[in-house]
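Please open the model in your viewer and keep the selection tool at hand. The stops below say what to select next and what is there.

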Amino acid sequence: MISRDTLQPGDFFELLKRSGYRLDSPVPAGQPDSRFKMPEATTVLAFHYRGGVIVAGDRRATAGNSIMYDRCDKVIPIDDYSLMAIAGVPATAFEMARILSHNFEYYRRSQMQLMSTEGKIRALSKLLKENVGMALQGVGAVSPIFATFDLATGKPSISFYDLLGAQFKVLTHTATGSGSPMIRGILEHENLWGSQALEARSEEEAATLALRLLATAAQFDSATGGARPEENLFPVIAVITGQGYRFLTDEEIAVLYKTSITRG
Amino acid sequence: MFEEPFRWMEAISTRHSYVREKLRKGQPVIGVPYDEGALLLGFAPQPGKVFEVYDRIAMGALGHPADVERLRMTLLDMAHLEGFNRSAEDVTIGRLLQFGIAPAIKQNFEEVMRAPYLVQLLLAEISPRDETLFYRLNYDGYWESFTKGCVIAGDTQVMNRIEKEIDATPFATYPLERALYEACRLWERGLRATEEETSSNHESDKDEDAPPTLKEAFERWPLEAAVLSRKTTRKSLYRALAPGEIGALKTRLAGA
């Protein structure tokens, strides 16, 4: 067990592979069974604000016309400074988040330095590329947003990806999932002609906008879940600053919800 | 060579002597509890004395840097694979040692045609039940567990002396600054008392490399120190002490 005859580049995914793990499952050739419905659909978004970046998502998981779960956490901590917002098949997305989280921590501990922001962004791209087969067969597509804070430059960063693993760094805002077309135009409008640009807004203003955007998406997209304050069910909202990530508590969001959703 | 049991036992005995001699000048690493968790510290002639292993596990080491690195990476691999395949709560030092590296090190040590590991490890853990636990792993695979803290040192006399003092000191009630200060003082007392004892018994055995004072140790080597803190809001409880914290300790020690 202690014989280690290969150099260790600090890549946890390579270590997993050497241990017999594979992210993609072998799927028989041919068309996938259309009767088999995967839980999916979502609205997640991220944008820059004055203090860093804000990442938010609804809580609903659906399979076809069925609502499978209404308390799904789609904004997942990866390391102290990084969050991944997931849209697509949860099984694959959660697995990717777990691999990524272990990958960053394994790299930091084994190499005794933080992975660069570029390296973190690429690591998720690599996982998506490994998953192309499953995505093309219609049973494992994931469309994530990755947000992190670059300690070296002191700046936050947001990237989104396509199903094949291409990465796109955004300077303002992004959204993904089935409800995202309903809110992308609003984000752009708010950024260009709103009371102030997104990056000039305070944390409270940014969180308010995120809540309103998710409520809008829920209004038009059946696969995006709305808030149910009477059941203490709210969207997930998190921020990343130079001090790391922080999830807004349900109590904070409940207060915000009262003042931001109902027309006063 | 090994056709008789005696030959094998003789070879093992020689191997013990060889490893102990190689480790003799290894700088001690001290692990003690404090009121928020566990503190590990040691002077590092080469960088690499105190390490993070997993969310709730830290490690101190002395010995050959290549062997330390090999065991560190083995522990990292095992801990991360286990944490990924099961849960972070399933990653405990007890399991890593008992079912992982301790049997492998023992086997390696007893295969006398293979080079032995020149290493001693000190491991600290905040358990899932929030207990502060310490473990010492010897070069031959033998390991022990402690609750009041423990020490590894190349010199057995130094190790025993410091360990007695750890047992008699209520470290678990101290805040971090005091635990750090007292552990450094303990390091100095352990080394100096042993050195004085040795030099009075055998003048020729006096070890001129042993630092007699903390001031000289700080001038010669960096102090590596880290904590596992139950109070952090982060997933990983490990935190290396900042240069400012080490600087404050030096100032306090200089004024004492």
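Select strand β2 (residues 52-57) of chain A together with strand β11 (residues 236-241) of chain A: the two pair in the antiparallel sense, over 5 bridges. To see the register, pick G57(A), which stands opposite V236(A) in β11(A). Bear in mind throughout that this is a predicted model.

Now add strand β1 (residues 44-49) of chain A. β1(A) is joined to β2(A) by 6 bridges, and these two strands run antiparallel. Which residue of β2(A) is the bridge partner of Y49(A)? Select G52(A) to see that partner. Between β1(A) and β2(A) the chain turns in a hairpin, with 2 residues making the connection.

Keep β2(A) selected and show its surroundings. Is the strand enclosed or open? A residue counts as buried when 20 or more other C-beta atoms lie within 10 Å of its own. In β2(A), 6 of the 6 residues are buried, so the strand is largely enclosed by the rest of the structure.

Widen the selection to the whole sheet. It is an open sheet of 5 strands in chain A, ordered β10-β1-β2-β11-β12, with antiparallel pairing. At its edges stand β10 (173-176) and β12 (244-247) of chain A; each has a single partner strand, so one side of each is left without a neighbour in the sheet. Looking across the strands, the twist averages 15° from one to the next.

Go to the β12(A) edge. There β11(A) and β12(A) run antiparallel and are joined by 4 bridges. Pick T241(A) and G244(A), which stand opposite each other, the latter in β12(A). Then show helix α6(A), which packs on the sheet and touches β1, β2 and β11 of chain A. The direction of α6(A) makes about 25° with that of β2(A).

Follow the chain onward from the helix. The loop between α6 (203-220) and β11 of chain A holds N232(A). What is the phi of N232(A)? The value is positive, about 55°, although the residue is not a glycine. N232(A) is exposed, with 11 other C-beta atoms within 10 Å.

A similar stop is found in chain B. Select D130(B), in the loop between β5 (119-126) and β6 (132-137) of chain B. D130(B) also is a residue other than glycine with a positive phi, here near 70°. It counts as exposed, with 9 C-beta neighbours inside 10 Å.

Next, show where chain A touches chain B. The contact takes 14 residues from chain A and 14 residues from chain B. On the chain A side, the elements giving two or more residues are α1 (12-18) and α2 (90-111) of chain A. Select α2(A) to find the largest share of that side, 5 residues. Coloured by class, the side of chain A that touches chain B shows 6 nonpolar, 4 polar and 4 charged residues.

Finish with chain B by itself. Chain B has 7 helices and 10 strands. Along the principal axes, its C-alpha atoms fill a box of roughly 60 × 55 × 30 Å. For 256 residues a compact globule would have a radius of gyration near 18 Å, and the 19 Å of chain B agrees with this. Of the 256 residues of chain B, 40% count as buried. Among chain B contacts between residues at least 6 apart in sequence, 62% join residues at least 24 apart.

Methods. Residues are numbered from 1 along each chain as its sequence is written. Chains are lettered from A and ligands numbered from 1 in the order in which they are written. This is a predicted model: local features need pLDDT of at least 70, side-chain atom pairs count only at pLDDT 80 or more; totals for chains, interfaces and linings use all residues. A residue is buried if 20 or more other C-beta atoms lie within 10 Å of its own, exposed if 12 or fewer, and partly exposed in between; C-beta atoms are placed from the backbone. Two strands pair if DSSP finds at least two bridges between them. Two residues are in contact if their C-beta atoms, placed from the backbone, lie within 7 Å. Ala, Val, Leu, Ile, Met, Phe, Trp, Tyr, Cys and Pro count as nonpolar, Asp, Glu, Lys and Arg as charged, and the others, Gly among them, as polar. The radius of gyration is taken over C-alpha atoms; the globule rule is 2.2 Å times the number of residues to the power 0.38. Axes are lines fitted to C-alpha atoms, for helices over the stretch in contact, and angles run from 0 to 180 degrees between N-to-C directions.
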